Amino acid sequence: MVGCETTGGLPGAGARAPMLAAIEQEVPGNYFIGRRYYKKDYKFWGYVRQPRQPWADSQLVMLNENKKLAPDREAWDFGFDNGHEYRLEGRFSGEKVYEPASNGFYPEFVLTGIQLLNKQPGPIFKTPEALNPERRIIAEPY
């Protein structure tokens, strides 16, 4: 099958092809791409990667919102943007932040600007169930 040959046979790879092509077209620069990953009981924000990097190289982050609020916090509608993709301005502080529900430490991203890119971007998880805010399992992008 041609689809499997070009994508390595990953589950859902055909649906991901447009997203992978879009990543290749991203302009390099001093910004990041973020994918909101909302879980009801967790306090992390989502996955962040550099332009042109695959989602497998992204990091699950805690946001420092001292300079700029995330859209859902600004709107007081937590998680409304689950799965949305953003262009992020900011930097990794080099610090790790403890997240009690997962008992894990995540890199801190200091947010200074945010722009919505896509409300329904291509999948980055093996299963759509990964975006269920009630599901307590933390999915990793592929």
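Me: Which pattern does the protein follow, read along the sequence?
Reply: This model is predicted. Its secondary structure comes to 3 helices and 5 strands. Read along the sequence, these elements follow the pattern α-α-β-β-β-α-β-β.

Me: In what order do the strands close into a barrel?
Reply: The barrel takes in 5 strands, and their pairing is mixed. From one strand to the next, the twist averages 55 degrees. The order around the barrel is β1-β2-β3-β5-β4.

Me: Over how many bridges do β4 and β5 pair?
Reply: Strands of a sheet pair through backbone hydrogen bonds, either parallel or antiparallel. Strand β4 covers residues 85-99, and strand β5 covers residues 104-118. One of the bridges joins E89 to G113 in β5. The two strands pair in the antiparallel sense, over 12 bridges.

Me: Is R49 buried or exposed?
Reply: R49 is found in strand β2, residues 46-49. Its relative accessibility is 2%. Buried means under 20%. Therefore R49 counts as buried.

Me: Which side chain makes a polar contact with the side chain of R49?
Reply: Leave aside the neighbours of R49 within four places in sequence. R49 is then in contact with I23, E26, F32, I33, P54, W55 and S58. The polar contact between side chains is at 2.7 Å, and the partner of R49 is E26.

Me: What share of the exposed area do carbon and sulfur atoms supply?
Reply: Of the 142 residues of the protein, 40% count as buried. The protein exposes about 8,100 Å². The share of this area from carbon and sulfur atoms is 51%.

Methods:
Residues are numbered from 1 along each chain as its sequence is written. This is a predicted model: local features need pLDDT of at least 70, side-chain atom pairs count only at pLDDT 80 or more; totals for chains, interfaces and linings use all residues. Side-chain values use heavy atoms; hydrogens and water are left out. Two strands pair if DSSP finds at least two bridges between them. Helices (H or I, at least four residues) and strands (E, at least two) are DSSP runs, numbered from the N terminus. Axes are lines fitted to C-alpha atoms, for helices over the stretch in contact, and angles run from 0 to 180 degrees between N-to-C directions. Buried means under 20% relative accessible area, exposed over 50%, partly exposed in between (1.4 Å probe, protein chains only). A polar contact is a pair of N or O atoms within 3.5 Å; within protein, one must be able to donate a hydrogen and the other to accept it, and residues adjacent in sequence count only if both atoms are side-chain atoms. Contact means heavy atoms within 4.5 Å. Accessible areas come from the Shrake-Rupley method with a 1.4 Å probe; for residues, only the protein chains shown count as cover.
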